[in-house]
Amino acid sequence: MDFEDILLEVGDYGKYQKNLILIFLVPAASLLPWFSMNIMFMVSAPDHWCYVPEVDASNLNISLQRSLISPPESPSCHMHDINYTEYLTAGIYKVPNDTTTIPCSQGWQYDKTYFDSTAVTQWDLVCNDDHYKSFILTMFSVGSIIGTPIYGALSDRIGRKITFFIAILVTAVTAIASILTTNFTAFVVIKTINGSLMPSVFQLPYIIVLEIVSPEMRTRMNGIINSAWTFGLCFVPLLAYLSRSWTILGWVTSSVTLIYLLYWKCLPESPRWLVSQERYEEALVIMHRIAVKNGNAQDKNVLLQKLQKLGEKIKKEEEDDGMKNSAYDLLKYPQLRKKFIIITFCWVADLMAYYGLQMNVSNLAGNEFINFFLLAVVEFPGYLTSWVFMERFGRRWCSVGGFMLTGLVCMLPSVEFPYGDVVCSLIGKYFAAATFMATYQQSSELYPTVVRSLGMGLSSTVAFGATLIVPYLVYLSVYGKAIPFLVIGMSCIIAGIMASFLPETLNENLPQTISDAEEFGKRQKFLSWNRRRMSISRERAASSIKSQTLEDVHKSEENNAHQAVRVLQNSDLFLNNDSSVAMAEAENALSGRSDSLRN
């Protein structure tokens, strides 16, 4: 008996799960981009030029000020080496082209068309210090590397629910603290801590819901959480545009984290995890609550016995194999090691494509807010496409195809054509979003329950470690706009080839133990398509009905046999004619049993 069999009895996709999705999963995923992607606008670098006090104090408009201060060859970081007071007094606003220039010596003025202030304007992170913008984004990812395995291991040890609320509380504190500090070093340190929480805040709600729904609903859960993320992401540029200040944007987006704390009472712990930890009474409470809400009330004692039996089965398998369910197991066992390596590289390639194309928005032609919105909204058709293809053709080939197409599209900017970078960014983001959904689905289904959160955490940790170069990869666009695209494209093509060696998980039971994970997919052929006509829940239900029917048949056959024996034993009590009739009845009964057994 697997956990899915027990879940089927209490209801694996009923009113309880639907309410949890609507009340918790969708709001949680929708608000997450507000405080995880707001940093893209907080470190936005407005157009800038050298600050000259006497010119700034004049009544000249911005256009004349810039023509007087900024040389054409370096308008943002250099200024003309002239006596500005004399030029202003003489009413001369045009400087000869051969005039000597010097670096900005008194700071910078910033264009306030869209922002009154950002972190860049706060600490003048421009010109010689413009790499600090990439440094902030990199340290944000460093936080993910440090925090993801910690919170992943913590959720496997103390539970998904409590780890989620710890992450939310720390997120709220660090997000608010980052906008209160006036010291750049302190800001970077706090943002690093804040970044350590983002993957866990996204993964844990998904895992909690995933572990209490039927296998065929996993893709739907993936589609829902990713669509909700994109829905929230579309509002980020609007919030940034209306805020105009990075501190106001920070306050608005950080305050929503406190909403998550309201879910403490209604959010359940994962009963699947509780069974793996031998906490059967707590798992019983949740499973019984699910059964009642779904209209499938179960006898508590019977349900408890089934949970205990499942827990004993898991414990026995672990003891027989000497497994300790640690991070070392991901590399110790050959099949699990292969899956871990492939999944991790796929995460690396997809995160490079997803975040690289999103971060590169400031280098694209046009309005930064509109470009950000377009790169966000294009994810919707990507998720929808992935959703359909994953259900019809499986996760494996959907992932392979997505990586290949993303890689090919990202290669196109090497050939220059009008608006090529914008078009390829939008198409590439479409495929990257679709591929992310398929890759994330595979990760959650291939890792066994006992190390699922840890495995996903380590994969994302290594992936975020590799994506530390993404901000600097985007920065290389100053030397050639095609450079970021080419690196991303090559990574995706390699990932597509590797992804083809992962097993298909469509309509398969989630592996509970490491033993299950080692056996999972061994019988699948390389060029196979897993397209079941019947959902796995229906198959389990049909199997249960069939077993019950066979049991009834066997009982009927036994009754017939007993009846025949009784007739033979009492045959001597009948007269000759009646005796022959009785013997005929006995023979028919025995013959019927023999025919049934042969059939």
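A residue counts as buried here when its relative accessible area is under 20%, and that cut-off will help with the cysteines below. The model you are looking at is predicted. A search of the whole structure turns up 2 disulfides: Cys50 with Cys104, and Cys77 with Cys127. Cys346 and Cys410 are each too far from the closest cysteine sulfur for a bond.

**The Cys50–Cys104 disulfide**

- The sulfur atoms of Cys50 and Cys104 sit 1.7 Å apart.
- Because the torsion about their S-S bond is about -70°, this disulfide is left-handed.
- Cys50 belongs to strand 1 (residues 48-50), while Cys104 is found in the loop between strand 3 (101-103) and strand 4 (108-110), so the bond ties together parts that are 54 residues apart in sequence.
- Cys50 has 0% relative accessibility and therefore counts as buried.
- Its partner Cys104 is buried as well, with a relative accessible area of 14%.

**The Cys77–Cys127 disulfide**

- Here the S to S distance between Cys77 and Cys127 is 2.1 Å.
- The link of Cys77 and Cys127 is left-handed, with -100° about the S-S bond.
- Each partner comes from a loop: Cys77 from the one between helix 5 (62-69) and strand 2 (78-80), and Cys127 from the one between helix 7 (119-123) and helix 8 (131-158), so this pair ties together parts that are 50 residues apart in sequence.
- Cys77 counts as partly exposed because its relative accessibility is 22%, and the partly exposed class lies between the buried limit of 20% and the exposed limit of 50%.
- Cys127, by contrast, is buried, at a relative accessible area of 14%.

**How the pairs are arranged**

- If you number the bonded cysteines of the protein in sequence order, the pairing reads 1-3, 2-4.

**Cysteines without a bond**

- For Cys346, the closest cysteine sulfur is that of Cys492, and the 9.6 Å between them is too far for a bond.
- Cys346 has 2% relative accessibility, so this residue counts as buried.
- For Cys410, the closest cysteine sulfur is again in Cys492, this time at 5.9 Å, which is also too far for a bond.
- A disulfide calls for sulfur atoms within 2.5 Å, so neither the 9.6 Å of Cys346 nor the 5.9 Å of Cys410 qualifies.
- Cys410 counts as buried because its relative accessibility is 0%.

Terms used
Residues numbered from 1 in each chain as written. Predicted model: local features only at pLDDT ≥ 70, side-chain atom pairs only at ≥ 80, totals over all residues. Heavy atoms only, no water. Helix = DSSP H or I, 4+ residues; strand = E, 2+ residues; numbered from the N terminus. Buried < 20%, exposed > 50% of the residue type's maximum accessible area, 1.4 Å probe, protein only.
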